[in-house]
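Trainee: I have a protein model open and would like to learn how to read it. Could you walk me through it?

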Amino acid sequence: AQDMTRAVEVLENLEALLDSVLAHLDLAVNLVVLTSDHGNCEDLSTKRHTLNPVPTLLWGKGSAEFATTIRDLSDIAPAILRHLCMVY
(Lines give C-alpha, C1' and ligand atoms only; values in the text may rest on other atoms or scores of the structure.)
Protein backbone atom coordinates (compact mmCIF):
# COMPACT_ATOMS: atom_id res chain seq x y z
CA ALA A 1 0.00 0.00 0.00
CA GLN A 2 3.09 2.22 0.19
CA ASP A 3 1.84 3.45 3.56
CA MET A 4 4.59 4.13 6.13
CA THR A 5 2.14 4.39 9.02
CA ARG A 6 0.66 0.99 8.16
CA ALA A 7 4.12 -0.54 7.65
CA VAL A 8 5.21 0.63 11.12
CA GLU A 9 1.98 -0.75 12.62
CA VAL A 10 2.54 -4.15 10.98
CA LEU A 11 6.14 -4.27 12.20
CA GLU A 12 5.09 -3.31 15.73
CA ASN A 13 2.46 -6.08 15.69
CA LEU A 14 5.08 -8.55 14.47
CA GLU A 15 7.42 -7.46 17.26
CA ALA A 16 4.70 -7.97 19.88
CA LEU A 17 3.90 -11.43 18.50
CA LEU A 18 7.55 -12.40 18.44
CA ASP A 19 8.13 -11.09 21.98
CA SER A 20 5.23 -13.22 23.20
CA VAL A 21 6.32 -16.36 21.34
CA LEU A 22 9.89 -16.06 22.62
CA ALA A 23 8.70 -15.39 26.18
CA HIS A 24 6.55 -18.53 26.20
CA LEU A 25 8.97 -21.01 24.64
CA ASP A 26 11.83 -22.82 26.27
CA LEU A 27 14.66 -21.78 23.94
CA ALA A 28 16.90 -24.44 25.46
CA VAL A 29 14.59 -26.96 23.77
CA ASN A 30 13.02 -25.11 20.83
CA LEU A 31 14.33 -23.37 17.73
CA VAL A 32 12.46 -20.38 16.29
CA VAL A 33 13.09 -19.44 12.65
CA LEU A 34 11.76 -16.18 11.21
CA THR A 35 12.29 -15.36 7.54
CA SER A 36 10.45 -14.13 4.48
CA ASP A 37 10.38 -14.90 0.79
CA HIS A 38 10.84 -11.28 -0.30
CA GLY A 39 11.08 -7.75 0.90
CA ASN A 40 9.10 -4.63 0.13
CA CYS A 41 8.51 -3.00 3.51
CA GLU A 42 12.01 -1.52 3.43
CA ASP A 43 11.32 0.33 0.16
CA LEU A 44 7.87 1.88 0.09
CA SER A 45 8.65 3.73 -3.13
CA THR A 46 7.59 0.64 -5.09
CA LYS A 47 4.61 -1.69 -5.02
CA ARG A 48 6.72 -4.53 -6.36
CA HIS A 49 8.73 -6.94 -4.30
CA THR A 50 12.31 -5.81 -3.98
CA LEU A 51 15.34 -7.95 -4.66
CA ASN A 52 16.95 -6.86 -1.40
CA PRO A 53 18.28 -9.64 0.83
CA VAL A 54 15.82 -10.80 3.46
CA PRO A 55 17.24 -11.70 6.85
CA THR A 56 16.68 -14.99 8.61
CA LEU A 57 16.46 -14.56 12.36
CA LEU A 58 17.07 -17.49 14.69
CA TRP A 59 16.57 -18.04 18.40
CA GLY A 60 17.08 -21.11 20.53
CA LYS A 61 18.51 -24.60 20.45
CA GLY A 62 20.71 -25.25 17.44
CA SER A 63 20.50 -21.72 16.09
CA ALA A 64 24.26 -21.36 15.61
CA GLU A 65 24.51 -24.62 13.67
CA PHE A 66 21.37 -23.80 11.69
CA ALA A 67 22.80 -20.40 10.72
CA THR A 68 25.92 -21.94 9.21
CA THR A 69 23.79 -23.77 6.63
CA ILE A 70 21.90 -20.70 5.36
CA ARG A 71 23.23 -18.79 2.35
CA ASP A 72 19.96 -17.81 0.70
CA LEU A 73 16.22 -18.48 0.75
CA SER A 74 16.57 -21.84 -0.98
CA ASP A 75 18.53 -23.14 2.03
CA ILE A 76 15.75 -22.55 4.57
CA ALA A 77 13.50 -25.58 3.94
CA PRO A 78 16.37 -28.10 3.74
CA ALA A 79 17.86 -26.65 6.95
CA ILE A 80 14.53 -27.02 8.74
CA LEU A 81 14.22 -30.62 7.54
CA ARG A 82 17.77 -31.43 8.70
CA HIS A 83 17.06 -29.83 12.06
CA LEU A 84 13.84 -31.83 12.48
CA CYS A 85 15.63 -35.08 11.60
CA MET A 86 18.28 -34.34 14.26
CA VAL A 87 15.65 -33.49 16.89
CA TYR A 88 13.34 -36.45 16.26
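Mentor: Happy to help; we will go from the whole chain down to single residues. Keep in mind that this is a predicted model.

Trainee: Where do I start? How many helices and strands does the chain have?

Mentor: Start with the elements and their order. Here there are 3 helices and 2 strands, and from the N terminus on they run α-β-β-α-α. The radius of gyration is 15 Å, well over the 12 Å that the globule rule gives for 88 residues, so the chain is more spread out than a compact globule. You can also look at the spans along the principal axes, which for the C-alpha trace are about 45 × 30 × 15 Å.

Trainee: What share of the 88 residues is buried?

Mentor: Buried residues make up 14% of them. As for the surface, the accessible area of the chain comes to about 6,700 Å², and 59% of that belongs to carbon and sulfur atoms.

Trainee: How do I tell whether a single residue is buried or exposed, say Leu-17?

Mentor: Look at its relative accessible area: under 20% is buried, over 50% is exposed, and in between is partly exposed. Leu-17 counts as exposed because its relative accessibility is 53%. This residue lies in helix H1, residues 4–24. Leu-17 also helps to make a nonpolar surface patch of about 390 Å², together with Leu-11, Leu-14, Val-21 and Leu-25.

Trainee: And Asp-75, is that buried or exposed?

Mentor: Asp-75 has a relative accessibility of 11%, so it counts as buried. You will find Asp-75 in the loop between helix H2 (63–67) and helix H3 (76–87). Leaving aside residues up to four places away in sequence, Asp-75 touches Thr-69 and Ile-70.

Trainee: Let me try a loop residue myself. Where is Thr-46?

Mentor: Thr-46 sits in the loop between strand S1 (31–34) and strand S2 (57–60). With a relative accessible area of 25%, Thr-46 is partly exposed. Now check its polar atoms: one in the side chain of Thr-46 lies 3.1 Å from the backbone nitrogen of Arg-48.

Trainee: How far apart are Thr-46 and Gln-2 in sequence and in space?

Mentor: That is a good pair for comparing the two kinds of distance. They are 44 residues apart in sequence, and 7.1 Å apart in space from C-alpha to C-alpha. For the chain as a whole, take the contacts between residues at least 6 apart in sequence: 50% of these join residues at least 24 apart.

How values were computed: Residues are numbered from 1 along each chain as its sequence is written. This is a predicted model: local features need pLDDT of at least 70, side-chain atom pairs count only at pLDDT 80 or more; totals for chains, interfaces and linings use all residues. Side-chain values use heavy atoms; hydrogens and water are left out. Patches are made of residues with over 30% relative accessible area and no salt bridge: like charges are joined within 9 Å, nonpolar side chains (Val, Leu, Ile, Met, Phe, Trp, Tyr) within 5 Å. Accessible areas come from the Shrake-Rupley method with a 1.4 Å probe; for residues, only the protein chains shown count as cover. A salt bridge is a side-chain nitrogen of Lys or Arg within 4 Å of a carboxyl oxygen of Asp or Glu. Helices (H or I, at least four residues) and strands (E, at least two) are DSSP runs, numbered from the N terminus. Buried means under 20% relative accessible area, exposed over 50%, partly exposed in between (1.4 Å probe, protein chains only). A polar contact is a pair of N or O atoms within 3.5 Å; within protein, one must be able to donate a hydrogen and the other to accept it, and residues adjacent in sequence count only if both atoms are side-chain atoms. The radius of gyration is taken over C-alpha atoms; the globule rule is 2.2 Å times the number of residues to the power 0.38. Contact means heavy atoms within 4.5 Å.
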